[in-house]
Amino acid sequence: MLFEKVKREHVLKGIKDFEEKGLPNGFGPSSTYDLIYNDKPYPPKAIMAYANYYAEGRKIERYFKGGLETDCFKTFYKNGFNLVVKSENKLNLNLKKEFINWLTNNVKNNYYDNDKNKIAEALNKYNTFFKIDIFSHDIGINKLITFINDQLYSNINQAFFEYSKGVSNHLPRAILGKKNYLTFLNKKNLTNALSNNDEKFTWVKTHLQITDYLKAHKNNQLHLIEILKKAGVTGFSDRDVNNVDIDLEVIDPFTFFCYIYKYGDERRLKVLQNIANDLKIHYPKDEFGIPSSNAQKVWLFPYKEIRVNKEIERLWSFFFEVLDEEINNDSFEDLLQIRGIARTKLTEALFNVNPKKYFPINGPTKPYLENVFSINPKFKTFEDYKKILNQIQLKTNKPFYQLSYEAWLWNDEQNKKKTMELNIIDTLKEEFIEFLKYSNYAESTVQIYSDNFEKYLEFYFKNKIIDKLDGDYFYELSNVSRGNYDRKTHFEHRGKGHSNFKSFFKKKLEEFQNVSTKGNSLNQILYGPPGTGKTFYLKNELFDKYTSKQTSITAAQNFETVVSNCSWWQVIAIALLDLKKAKVSDIFEHEWVQKKASLSNSKTIRPTLWGQLQSHTINECEHVNVTSRQQPLLFNKTTDSYWEILENEVEELVPELYDLKDSVDNYNPDPDTIIKHYDFVTFHQSFAYEDFIEGIKPVLPESEEAAVDLGYKIEDGVFKKLCDKADKDPDNRYAIFIDEINRGNVSAIFGELITLIEVDKRKDAKNEMSIKLPYSKTALSVPSNIDIYGTMNTADRSVEALDTALRRRFEFKEMMPNYTVIEDEVVEEIKLSEVLEKINQRIELLIDRDHTIGHSYFVNVNSAKKLANTLNNKIVPLLQEYFYGDYGKIGLVLGNGFVEKIKNDKIDFANFDYENANDFKIASFNLIKVDKNNVIDAVTELLGKKETTL
């Protein structure tokens, strides 16, 4: 492959050369594509010629081609650069004009009297508040959408927010926001995506080439697993007949694809791109329309312990039948007999292997086929499935992969609309009734006003698809005219409550605007019974939201991170590597020392420098009298009181200092390196304020020689460190994830910060507050770009039992058992979802819903042996804890198969006169330990499907 040695730094040097020298001899302007950097277009081939000169020293001449399939373009993408089609750039010139036409033709509101000149003048004014031209998408429409979203709906652009607030109460933001300009951009983006499939569905060719690669490696499945691992995929543990985890050594082609798509959008695309680079095949730029895999059920085959029917061989045979177009009903049905394969998963597998020939019949596509094309998506056999494919092709000329993407978009819109209609109106109505109570209306009046309120909102939301209510909607609703309200409310009480309706939404608008200035910080606790996937949700759904690529880290941010991780002697050593020979005052002024001082709580920097220099001075130095030295010994003091560093000692003892220095001096961010902007902690009884905020910690001497006095220092806790990072990096969101938040003493751990985490008390918020910390005496406020997530197990402690101050500052998201996750888990015709649901119904009746059992206990339980193990070692001990050893109640939940009743009526007491002695002859209960031979009978009885004997 050409240009293997070209790195981002070489491309940047090429851009600089082009700006200074222009086009090299023999090169002309680009005809089809532009390389975009800092919002400027550059000719890709010319830049690559310059770049390769710096990378390999090759003469600058025309020896390669440009275009999507070429090594030139693949190298640009690999190094994080963006390429756009020139025809799209020409359209950019008219983006503002297109939006003005769209605005006057499509929006019911009459902005600026629909005068296009006035609108253009207003848009030009708005544009002055942004650092880029928001009516040119040289950076790409997707990035433009992200930029505008961030600018309008966070506290990033305070100048625009204040300006917008003063113009008809946020009219500028309404025009640029989600209902107007952002809607226009999203529609334009979708039109571009669907009208230019060769550009947008680039993954299709990659999939076909992977399929072609797979067919040659049936006998080298370990190699296929290594390709996935190298690409960044994890989770390759199999399980042997002894129920011991072992490395996975086999894989089929369909599971190969499923592994790629168990991740979120960004990560799965990166995995696919890594595979493309590794195999030297077509490099994809998107993953539109590819179904996601269930991260908990990636395989199309069971664990090794129950792979007894040549499952892997059957999957490979079916794969070759797909390639040879020889699938029939029998082979299709044979694959459905493999544990873990259902029809939906099988059609997705076919689609991954050949997205041009097959279509996934899954959750998003089924309602899409029914509602858009009037096609019944139900099928049993392969012939039935083929008939559906034929019907689709008769209805539309669009390729299957495009339809898969359109189905996802359509389904997403329908779900949003349905969710809003079912939930938002009810929530708002409840708030409205509370609002009316302050006016002391009669109950009948409240009923009439709230009924009209509900009726009007049903009309308002009827043709809208909303992901969440924001200021634009509140603004509209607070300005509803009396005539419009009359027409859309109940006839017998038409218009009543109109003024209250407007006042309510004006209040909502004010509340929203207050929150908008706070950065939309989130304090959320996920709560529910054990095993409902709370921690799994954090890791799989939220962690990726708080990561970025190393290329997004500036040199200044990198410098600060490196210095913060260095000790004082390391910083001094690196300063002396630069200075060679210096007085303490010169060392103090060095940028590394100054940066360390700015990050330190110490107010005695110069004494710290003296102490560190003397402690790490070589023993042979005659000008330092300190007896207690600490390794490594690197420094020397000269007769004229200059300090120097012995580089021979550095090379022998701490050569990593050179690496640290080079990581700053020659900072070259790696686009493949992921930077975490979050921390994960677990609260427990010993977790304290000193661990979370700051505390005094002992400092052990570094020397292994004679004992010296133990020292102490003030050390930042995990949350304070995160606050410092977030405060210095306002462009990124940060998060702390607190597992088992209710197991710690929350009041003691958070201390005075329990007030500062409130959204309106955050830094730069309306009611910003800061506190002086007790140990360091420094001021601390919580940045608005930090989100706080917690998880709590309601079986340990209910939400109501939490500290009132904590409850008031967090929103709560309930996570209950989700039976759909295990709906395909079946053991000998026993549906485990039914088992769990039946158990939980009985627990809820005997205790409460907070003590129900989560679905995760039954994930991957696919044999009688595993089912018996789960019930004996997980479910029964949990019930013992719930019922405090009352085995009778456990029997009410699980039945005779798990608990036996002993009547005790045959026991005779000793010959002794005791009143009512027979009252002690009450029944007792014993637990029955099930095994793989009797567990099915016991569970069948639990479900009430087997006659019981009393």
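How many bridges join E6 to E18, and do the two run parallel or antiparallel? Six bridges join them, and the strands run parallel. Keep that pair in mind; the tour comes back to the sheet after a look at the whole chain. The model is predicted.

**Whole chain**

Show the cartoon. The protein has 42 helices and 23 strands. Colour by burial: buried residues make up 48% of its 950 residues. Among contacts with a separation of 6 or more, 69% are between residues 24 or more positions apart.

**Stop 1: the parallel sheet**

Select E12, E15, E18, E6 and E19. These five strands form an open sheet in the order E12-E15-E18-E6-E19, with parallel pairing. At the edges are E12 (678–682) and E19 (811–814), each of which pairs on one side only. From one strand to the next, the twist averages 20 degrees.

Zoom in on E6, residues 523–528. E6 is mostly covered, with six of its six residues buried. Show the side chains. Asn523, Ile525 and Tyr527 point one way, Gln524, Leu526 and Gly528 point the other way, and all are buried.

Now look to each side of E6. Toward E18, asparagine 523 stands opposite isoleucine 788. Toward E19, E6 pairs in the parallel sense over four bridges. Glutamine 524 stands opposite glutamate 811 in E19. Tyrosine 527 has glutamate 814 of E19 as its bridge partner.

**Stop 2: helices on the sheet**

Add H26, residues 534–542. H26 packs on the sheet and touches E6, E12, E15 (734–739), E18 (786–793) and E19. The direction of H26 makes about 150 degrees with that of E18.

Next, add H35, residues 718–728. H35 lies across E12, E15 and E18. Against E15, H35 runs at about 165 degrees.

**Stop 3: arginine 8**

Jump to arginine 8, in helix H1 (residues 8–21). Is arginine 8 buried or exposed? Arginine 8 is buried, with a relative accessible area of 18%, because the cut-off for buried is under 20%. Leave out residues up to four places away in sequence, and arginine 8 touches Tyr37, Asn79, Gly80 and Phe81. Then select aspartate 670. Its C-alpha atom is separated from that of arginine 8 by 8.6 Å, although the two are 662 residues apart along the chain.

**Stop 4: nonpolar cores**

Select Phe256 and Ile275. In the largest nonpolar core, which has 70 residues, these two touch the most other members. Centre on phenylalanine 256. Leaving aside neighbours within four places in sequence, phenylalanine 256 is in contact with Ile210, Leu214, Leu224, Ile227, Leu228, Ile251 and Ile275. A second, separate core has 37 residues, including Val859, Leu894, Ala938 and Leu943.

**Stop 5: a buried helix**

Select helix H18, residues 343–353. Nine of its eleven residues are buried, so H18 is largely enclosed by the rest of the structure. The buried ones are Lys345, Leu346, Thr347, Glu348, Ala349, Leu350, Phe351, Asn352 and Val353.

**Stop 6: aromatic rings**

Show Phe, Tyr and Trp side chains. The whole structure holds 70 aromatic pairs. Start with phenylalanine 201 and phenylalanine 288, an edge-to-face pair at 6.2 Å centre to centre, with 75 degrees between the planes. This pair links distant parts of the chain, 87 residues apart. Phenylalanine 201 is in the loop between H11 (197–200) and H12 (203–214), and phenylalanine 288 is in the loop between H15 (265–279) and H16 (311–323). Phenylalanine 201 is buried, at 4% relative accessible area, whereas phenylalanine 288 counts as partly exposed, at 21%.

Move on to tyrosine 368 and phenylalanine 373. Their ring centres are 5.6 Å apart and their planes lie at 90 degrees, so this pair is edge-to-face. Both residues are buried.

Then select the ring cluster. Ring pairs link Phe432, Phe435, Phe453, Tyr456, Phe459, Phe474, Tyr485, Phe501, Phe504 and Phe505.

**Stop 7: charges over rings**

Select arginine 267 and tyrosine 263. The charged end of arginine 267 sits over the ring of tyrosine 263, 3.8 Å from the ring centre. Finish at lysine 581, which lies over the face of tyrosine 642 at 5.5 Å from the ring centre.

Definitions and conventions. Residues numbered from 1 in each chain as written. Predicted model: local features only at pLDDT ≥ 70, side-chain atom pairs only at ≥ 80, totals over all residues. Heavy atoms only, no water. Buried < 20%, exposed > 50% of the residue type's maximum accessible area, 1.4 Å probe, protein only. Phe/Tyr/Trp six-rings, centres within 6.5 Å; stacked < 30°, edge-to-face > 60°. Lys NZ or Arg CZ within 6 Å of the ring centre and 35° of its normal. Core = buried A, V, L, I, M, F, W, Y, C linked by side-chain atoms within 4.5 Å. Contact = heavy atoms within 4.5 Å. Pairing = 2+ DSSP bridges. Axes fitted to C-alpha atoms, helices over the stretch in contact; angles between N-to-C directions.
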